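Let's take a walk through a protein model together. Have the sequence and the 3D view ready, and follow along as we go.

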Amino acid sequence: MANVAAKVAVIGSGISGAVCASTLAKNGISVTLFESGRGPGGRMSQRREMTEDGRELHFDHGVPYFSAKNPDVLKLICEWQSKGLVAEWKEKFATFDCDSKQFLDIEQEDLEKKYVGVPGMNSICKSLCQEPGVQSRFGVGVGRLEWLDNEDSWSLMGLNGESLGYFKGVVTSDKSTFSQRFTNVTGKPVPIDMEKFPEISLKMTEIPVNPCFALMLAFEEPLTEIPIRGFSFKSSKVLHQAFCDSSKPGRSRNSERWVLHSTAEYAQDVIAQTGLQKPSSATLTKVAEELFQEFQSTKLSISQAFFKKAHRWGSAFPAISVAENEKCLWDAKKRLAVCGDFCVSPNVEGAIISGLAAAAKCSEVLCRL
């Protein structure tokens with residue numbers, strides 16, 4: 001077996017996993033990061049789309065922006081700003097009342113700064129995953145994690161049973177590692193033997209989530225009847241919020257691009273009818289039409305979009321926090337940490353705090369080995 005003296009596997013390259021991996025590497029620990037997707041970011045990823053006439057479009061189809069108050073997180077944001085990875089989005093947001101067709105509660109001043117990744121929301125995670133000491137393996141899902149008592153280490157296997165290596169510690173930022181949802185989506189067993197980790201499993205089993213559909217829209221001309229670049233919807237059972245993606249700093253202005261998010265109730269209804277498996281193109285087309293019709297019903301002179309596509313976030317938005325005080329879940333004996341926004345608070349700041357906490361736990365123990 002290969003030397004695993006100071007190797008840690010991090011599962012998931014969302015902001016929590018990426019921050020954890022980067023912090024571990026800075027502490028002198030060798031990190032291998034596994035991500036089942038094509039690239040980093042999770043909800044902070046950026047979607048690249050091509051139109052039929054060959055135009056390239058980019059959308060932040062997950063988290064539209066983030067804010068922070070925690071000193072450790074603000075310190076990181078300052079570092080990212082100095083590297084050109086983050087900029088402040090200086091826009092005032094509001095609420096749109098679908099009954100009165102009026103904008104309400106327009107922000108009078110910036111109560112909290114809104115930050116975005118530059119040139120896309122995924123820029124932060126992409127940079128963190130490329131830092132020295134971090135080996136990132138994209139398109140590689142982890143199908144099995146097994147603790148080896150006789151080796152005092154972890155064995156990781158891929159979705160098809162191939163060996164991914166041996167590690168002294170594991171950090172997972174993917175809540176499906178402990179969830180039956182993994183089986184529902186992949187048809188394979190839950191990656192970890194939950195009976196061996198009863199305390200963590202008890203907290204992680206079936207964390208309630210708020211699903212969401214995102215609709216990516218591109219228009220030839222600006223939507224001049226909308227004076228606000230970001231707003232939530234009041235009295236809509238279909239739409240939750242809308243953001244003008246192309247108004248963010250560092251974005252192309254070749255077209256006006258908007259991202260709409262559905263309500264959790266709407267998404268739950270669709271999932272109840274179609275299941276948790278990857279939605280069909282017919283389902284996504286139907287969702288795109290329904291969300292767009294609701295957008296047009298605002299009477300804000302919404303013109304026809306030359307690009308329109310829906311994406312489902314099935315379990316990305318947790319409804320509870322499972323380790324608000326501890327910031328992460330931790331098994332010191334087997335050096336297993338679980339981090340993510342579902343541990344602290346369901347936002348980017350909470351995810352970062354949890355990633356930092358998991359890195360601190362692992363570093364403290366591994367540095368003594």
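Where in the chain is Pro 249 found? Look in the loop between E16 and E17. Keep in mind that this is a predicted model.

## Pro 249 and its neighbours

So what does Pro 249 do for company? Leaving aside residues up to four places away in sequence, Pro 249 touches Ala 87, Glu 88, Trp 89, Val 116 and Val 118. Take Ala 87 from that list: 162 residues separate it from Pro 249 along the chain, yet the two C-alpha atoms are 6.8 Å apart.

Is Pro 249 buried or exposed? Neither, quite: with a relative accessibility of 23%, Pro 249 counts as partly exposed, because buried would mean under 20% and exposed over 50%.

## The whole chain

Now zoom out. The chain folds into eight helices and 20 strands. Its radius of gyration is 21 Å, close to the 21 Å that the globule rule gives for 369 residues, so the chain is as compact as a globular protein of that length. If you lay the C-alpha trace along its principal axes, it spans about 65 × 45 × 40 Å.

How much of the chain is tucked away? Of its 369 residues, 55% count as buried. On the outside, the chain exposes about 16,600 Å², and carbon and sulfur atoms supply 48% of that area. The Pro 249 and Ala 87 pair has company, too: among contacts with a separation of 6 or more, 68% are between residues 24 or more positions apart.

## A buried serine

Go to helix H1, which covers residues 15-26, and you'll find Ser 16 there. Is Ser 16 buried or exposed? Its relative accessible area is 5%, and since buried means under 20%, Ser 16 is buried.

Who is packed against Ser 16? Setting aside residues up to four places away in sequence, Ser 16 touches Ser 173, Cys 339, Gly 340, Ala 351, Ser 354 and Gly 355. Of these, Ala 351, Ser 354 and Gly 355 fall within helix H8 (348-366).

## The second largest pocket

Helix H8 turns up again here. Which elements supply at least two residues each to the lining of the second largest pocket? They are strand E16 (239-244), strand E17 (256-262), helix H6 (264-274) and helix H8 (348-366). You've met E16 and E17 already, as Pro 249 sits in the loop between them.

The pocket holds about 570 Å³ of space, and 23 residues line it. Nearest its centre lie Arg 43, His 240, Gln 241, Phe 317 and Pro 346. Sorted by class, the lining has eleven nonpolar, nine polar and three charged residues.

## Backbone oddities

A few spots in the backbone deserve a look. Val 118, one of the residues that Pro 249 touches, is joined to Pro 119 by a cis peptide bond, with omega at about 0 degrees. You can find Pro 119 in the loop between strand E8 (115-117) and helix H3 (123-128).

Next come two serines. Ser 235 lies in the loop between strand E15 (230-234) and E16, and its phi is near 70 degrees, a positive value in a residue other than glycine. Ser 301, in the loop between helix H7 (281-296) and strand E18 (307-313), also isn't a glycine, and has a positive phi of about 55 degrees.

Which words describe their surroundings, buried or exposed? Ser 235 is partly exposed, with a relative accessible area of 44%, while Ser 301 is exposed at 53%. They get separate labels because exposed means over 50%.

Technical notes
Residues numbered from 1 in each chain as written. Predicted model: local features only at pLDDT ≥ 70, side-chain atom pairs only at ≥ 80, totals over all residues. Heavy atoms only, no water. 1 Å grid on protein atoms, 1.4 Å probe; cavity = no way out; pocket = protein on both sides within 12 Å on 5 of 7 lines; lining within 4 Å. Points joined across faces, edges and corners; volume = space filled by probe spheres on them. Helix = DSSP H or I, 4+ residues; strand = E, 2+ residues; numbered from the N terminus. Nonpolar A, V, L, I, M, F, W, Y, C, P; charged D, E, K, R; others polar. Buried < 20%, exposed > 50% of the residue type's maximum accessible area, 1.4 Å probe, protein only. Contact = heavy atoms within 4.5 Å. Rg over C-alpha atoms; globule rule 2.2 N^0.38 Å. Areas by Shrake-Rupley, 256 points an atom, 1.4 Å probe, with all protein chains shown as cover.
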